[in-house]
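The following exercises practise the reading of a protein structure, from strands and sheets to individual side chains. Each task is followed by a solution in steps.

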Amino acid sequence: MKKYIPLKGSYLFLLCLVLSLSCEDDIREVALFDKGETVAEASASEIDFGNTVRFTSTSTKALTTDWTFQGGSPSTSINSDVTVTYTAPGTFEAQLIVKYVDNTIDTRTFSITVKGIPEPLPYGGTPVDLEGIIEAENFDLGGEGIAYHDTEEENLAVTNGSSVYRDDRGVDVEVGENVTNIGYTNEGEWVNYTVNVLETGDYDFEFMLASGHDQGGHSVKLQRVDPNTGAISDLGETGDFENTGGWSVYTGISVPGITLPQGIHTLRFYFTGGGTNLDKVNVTLRGATPPIDGLGIYTEREISETNAAIIPPLNNANFVISEVEDAAHGNRALYYKFDPANSSSPQTWGAMATLFPAANVNASSYTHYHISLKTSSTSNIRIRIKAGGTNYWVTLHHGTTDETYGMARDGKWHEVKIPLADFNAPDLSSISEILVLRSDDADFGNTSPDDTARDFDWYVDDIYLTKE
């Protein structure tokens with residue numbers, strides 16, 4: 001009888017040994033996923049307005065990169081490197097949002113301070129009250145480029161024997177026996193004055209000027225300086241003037257009817273050329289005037305009757321219309337910017353916008369249509385009304401009918417006065433559209449909505465009707 005030896009346990013041991021040796025080569029090293037890293041920077045955190053900041057993101061493993069730039073241009077970007085322009089002062093936030101390949105999100109925020117122009121520093125520490133007298137020699141503190149601009153560093157009046165009036169010697173201040181004045185003026189020179197307008201109203205500026213030059217003196221412009229941006233607005237000017245009989249013989253030249261709102265302002269006297277001495281400027285508030293006998297549509301003048309326009313006007317073709325502070329009278333006006341690309345109604349047939357009165361206008365008792373206009377465009381434009389359901393218009397042609405109605409294409413405000421009879425409307429008892437500003441067919445023709453080279457930009461203010 002054979003003897004059997006149990007082998008079950010031995011077989012199991014051998015099997016495990018073989019399996020363990022055969023699996024040794026299949027062991028793999030497992031590496032954990034590395035997250036992306038958010039890395040971003042701005043080239044500056046404080047700049048002057050009008051300058052740029054470069055934003056860069058070198059974040060790793062980013063799926064998307066989204067920037068937003070408050071107050072900047074562009075306002076958004078998906079690029080990793082973008083340059084942003086800031087055109088107004090203030091403190092603005094720039095934010096980067098990074099989305100990674102694992103769908104996680106991270107953000108970075110930057111604060112950008114955009115500086116405006118320096119605060120005005122009035123001579124003597126107190127602004128000049130208006131109405132009042134602005135003494136020419138008492139221009140603001142701050143020096144060249146801030147309080148004044150003069151073409152040479154030295155005070156030519158002192159060099160030629162005058163005593164010294166003040167320490168900052170760039171402006172040519174001349175101390176005479178009876179008058180202390182600015183003299184030795186040149187084209188492009190200017191001086192700033194901080195003033196306190198006590199009451200909103202219309203002011204007359206009387207410039208006390210002298211010239212001993214054979215050809216007389218050059219015009220002095222009155223300008224206003226924006227306190228945040230330094231932007232300049234022309235308010236009026238004296239015009240060139242004849243020899244007054246000597247450098248110390250002063251005469252008053254008026255720049256009338258300058259509308260100023262209450263508050264602190266910076267005014268600038270800008271010299272357009274030489275041959276001009278300036279002693280002072282007398283500023284007086286105009287007395288109360290009776291309302292205009294007429295019908296006001298879009299105006300801040302005192303009018304006996306009103307039928308207010310519906311604002312904003314309707315853009316019919318290629319205009320972007322906004323209310324702006326650059327007004328012919330008061331504090332607001334309409335700006336019609338010809339901008340097919342950004343217009344809500346890009347068209348190929350022309351430019352057009354419609355101003356509706358709140359209710360149909362009965363103009364039967366009126367004889368004249370008043371409107372203030374400003375432009376440098378040389379394109380023909382129609383001033384159109386709709387009366388009794390039919391269109392009637394007057395076309396303003398550069399240098400022809402423009403001059404007839406008091407218009408010039410010089411970038412300045414002009415009060416245009418059109419006889420209502422020139423519209424050739426047989427019945428003015430029901431005007432439903434009081435101003436349709438429209439390009440003339442002969443001047444426009446068909447064009448692509450992308451054609452932005454054409455110039456149909458207009459400023460509009462003071463629309464009213466009168467009986468004379």
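Two strands are said to pair if DSSP finds at least two bridges between them. The model examined here is a predicted one.

**Exercise 1. Determine how strands S27 and S32 are related, and place them in their sheet.**

Solution.
Step 1. Strand S32 covers residues 431-439, and four bridges join S27 to S32. The two strands run antiparallel.
Step 2. One position illustrates the pairing: Thr 354 stands opposite Val 436 in S32.
Step 3. An open sheet of five strands, with antiparallel pairing, has the order S24-S27-S32-S29-S30.
Step 4. The edge strands of this sheet are S24 (314-317) and S30 (390-396), each of which pairs on one side only.
Step 5. On average, neighbouring strands of this sheet are turned by 25 degrees against each other, direction ignored.

**Exercise 2. Describe the surroundings of Thr 354: is this residue buried or exposed, and which residues does it contact?**

Solution.
Step 1. Thr 354 belongs to strand S27, which spans residues 352-355.
Step 2. The relative accessible area of Thr 354 is 2%. Buried means under 20%, so Thr 354 is buried.
Step 3. The side chains of Thr 354 and Asn 316 are joined by a polar contact of 2.8 Å.
Step 4. Neighbours within four places in sequence are set aside; Thr 354 is then in contact with Pro 313, Leu 314, Asn 316, Glu 433, Leu 435 and Val 436.

**Exercise 3. Which residues touch the most other members of the largest nonpolar core?**

Solution.
Step 1. The largest nonpolar core has 43 residues, and Tyr 336, Tyr 369 and Leu 435 touch the most other members.
Step 2. Apart from this core lies another, of 30 residues, including Leu 130, Ala 147, Tyr 148 and Val 195.
Step 3. The contacts of Leu 435, leaving aside neighbours within four places in sequence, include Tyr 336, Tyr 369, Ile 371 and Val 460. Thr 354 is also one of the contacts of Leu 435.
Step 4. As a general background, nonpolar side chains tend to be buried together in soluble globular proteins.

**Exercise 4. Which residues form the covered face of strand S31, and which strand pairs with S31 over six bridges?**

Solution.
Step 1. In strand S31 (residues 414-419), the covered face consists of His 414, Val 416 and Ile 418. The uncovered face consists of Glu 415, Lys 417 and Pro 419.
Step 2. Strand S28 (residues 368-374) pairs with S31 in the antiparallel sense over six bridges.
Step 3. Within this pairing, Val 416 in S31 is the bridge partner of Ile 371.

**Exercise 5. Identify the edge strands of the sheet with mixed pairing, and state why they count as edges.**

Solution.
Step 1. This open sheet has five strands in the order S2-S9-S8-S4-S6, with mixed pairing.
Step 2. Strands S2 (46-48) and S6 (76-77) each have a single partner strand, so one side of each is left without a neighbour in the sheet.
Step 3. Strand S4 (residues 62-69) and strand S8 (residues 90-100) run antiparallel and are joined by seven bridges. Here Trp 67 stands opposite Leu 96 in S8.

**Exercise 6. Classify the aromatic pairs Phe 55 with Phe 110 and Tyr 335 with Tyr 459.**

Solution.
Step 1. The whole structure contains 15 aromatic pairs.
Step 2. The ring centres of Phe 55 and Phe 110 are 6.0 Å apart and their planes stand at 65 degrees, so the pair is edge-to-face.
Step 3. Phe 55 is in strand S3 (residues 52-57) and Phe 110 in strand S9 (residues 105-115), 55 residues apart, and the pair thus links distant parts of the chain. Both Phe 55 and Phe 110 are buried.
Step 4. Tyr 335 and Tyr 459 form a stacked pair, with 4.4 Å from centre to centre and 15 degrees between the planes.
Step 5. Tyr 335 counts as buried at 17% relative accessibility, whereas Tyr 459 counts as partly exposed at 21%.
Step 6. Ring pairs also link Phe 55, Trp 67, Phe 69 and Phe 110 into a cluster.

Definitions and conventions: Residues numbered from 1 in each chain as written. Predicted model: local features only at pLDDT ≥ 70, side-chain atom pairs only at ≥ 80, totals over all residues. Heavy atoms only, no water. Buried < 20%, exposed > 50% of the residue type's maximum accessible area, 1.4 Å probe, protein only. Polar contact = N/O pair within 3.5 Å; in protein donor to acceptor, adjacent residues only side chain to side chain. Contact = heavy atoms within 4.5 Å. Core = buried A, V, L, I, M, F, W, Y, C linked by side-chain atoms within 4.5 Å. Axes fitted to C-alpha atoms, helices over the stretch in contact; angles between N-to-C directions. Phe/Tyr/Trp six-rings, centres within 6.5 Å; stacked < 30°, edge-to-face > 60°.
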